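Welcome, and thanks for taking a look at this one with us. Below is a short briefing, grouped by topic, to read alongside the structure.

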Amino acid sequence: MTTSEMNVRTKKFSLMIIDLAEKLPNTNVIRSITSQIVRSGTSVGANYRAVCRARSDKEFVAKMNIVLEEADETLFWIEIIKEKMWLAKEELETALKEANELTAIFVSSLKTVNNRINK
C-alpha cells in the first residue's frame, strides 16, 4: 500500500470513528468514552501524516509508535462499546476490523524499519 493510499485509509478510519461516535447514546459515562474514541480515532490519521514527513528512520519509528498507540487505544474503546452493547455488533464490525488491520499494518511497518535500523 502506498503512502497516499494509507493517508486516504487513515482519514476514512477517522471519519468512520466520528460516524460511530455520533450514534452513541448521550449519557455522562458514554460522553466520556465518546470523547476518548474520537480523540484517539482521529489521531490515527493526523499522526500518520506526520509519519510521512519523517526525516529519518528514528523519527519514523517515534512517530509511527504514536500512530500505533492511538490505533490500539481506538481498538480498545471499540471493544468497550461492543462489550457494553451500546451499539449493535453489526454497527461495530467494520470499525473493529479496520482498527485491527491498521494496528497490524503499523506493527509490521515498525518491525521492518526496526530491523533495518538494527542491522
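Let's begin with a serine: leaving aside residues up to four places away in sequence, Ser-14 touches Gly-41, Thr-42 and Gly-45. Please keep in mind that this is a predicted model. From Ser-14 we move to a neighbouring topic, then to the nonpolar core, the salt bridges and the main pocket.

**Ser-14 and Lys-12 on helix α1**

- Ser-14 is found in helix α1, and Ser-14 counts as buried because its relative accessible area is 9%, where the cut-off is under 20%.
- Lys-12 also has its place in helix α1, which covers residues 3-23.
- With a relative accessible area of 55%, Lys-12 is on the other side of the scale: Lys-12 is exposed because that value is over 50%.
- Thr-42, one of the contacts of Ser-14, also gives a distance for Lys-12: the C-alpha atoms of Lys-12 and Thr-42 are separated by 9.5 Å, with their positions 30 residues apart along the chain.

**The nonpolar core**

- The largest nonpolar core has 31 residues, and those with the most contacts inside it are Leu-20, Met-64, Ile-78, Ile-81 and Phe-106.
- Two or more residues of this core come from each of α1, α2 (28-52), α3 (57-84) and α4 (89-117).
- Helix α3 gives the largest share of this core, ten residues.
- For a closer look at one of the well-connected residues, try Ile-78: not counting residues up to four places away in sequence, Ile-78 touches Ile-17, Ile-37, Leu-92, Ala-95, Leu-96 and Ala-99.

**Salt bridges**

- In total, the count of salt bridges comes to seven.
- One of them pairs Arg-9 with Glu-98, and their closest N and O atoms are 2.6 Å apart.
- This pair links distant parts of the chain, with Arg-9 in helix α1 and Glu-98 in helix α4, 89 residues apart.
- Arg-9 and Glu-98 are both buried.
- Another salt bridge joins Arg-55 and Glu-59, with the closest N and O atoms 3.3 Å apart.
- The two partners differ in exposure: Arg-55 is exposed, at a relative accessible area of 74%, whereas Glu-59 is buried, at 18%.
- Arg-116 forms a salt bridge with Asp-57, where the closest N and O atoms are 3.0 Å apart.
- Here too, distant parts of the chain are linked: Arg-116 belongs to helix α4 and Asp-57 to helix α3, 59 residues apart.
- Arg-116 counts as partly exposed at 47% relative accessibility, and Asp-57 is partly exposed as well, with a relative accessible area of 28%.
- Through salt bridges that share partners, Arg-9, Lys-97, Glu-98 and Glu-101 are joined into one network.

**The largest pocket**

- The volume of the largest pocket is about 150 Å³.
- Its lining is made up of Met-1, Thr-2, Thr-3, Met-6, Tyr-48, Val-51, Cys-52, Phe-60, Met-64, Ile-105, Phe-106 and Ser-109.
- Each of α1, α2, α3 and α4 supplies at least two residues of this lining.
- By character, the lining residues divide into nine nonpolar, three polar and no charged.
- Two names return here from the core: Met-64 and Phe-106 are among the core residues with the most contacts, and both also line the largest pocket.

Definitions and conventions: Residues numbered from 1 in each chain as written. Predicted model: local features only at pLDDT ≥ 70, side-chain atom pairs only at ≥ 80, totals over all residues. Heavy atoms only, no water. Helix = DSSP H or I, 4+ residues; strand = E, 2+ residues; numbered from the N terminus. Buried < 20%, exposed > 50% of the residue type's maximum accessible area, 1.4 Å probe, protein only. Core = buried A, V, L, I, M, F, W, Y, C linked by side-chain atoms within 4.5 Å. Contact = heavy atoms within 4.5 Å. Salt bridge = Lys/Arg side-chain N within 4 Å of Asp/Glu carboxyl O. 1 Å grid on protein atoms, 1.4 Å probe; cavity = no way out; pocket = protein on both sides within 12 Å on 5 of 7 lines; lining within 4 Å. Points joined across faces, edges and corners; volume = space filled by probe spheres on them. Nonpolar A, V, L, I, M, F, W, Y, C, P; charged D, E, K, R; others polar.
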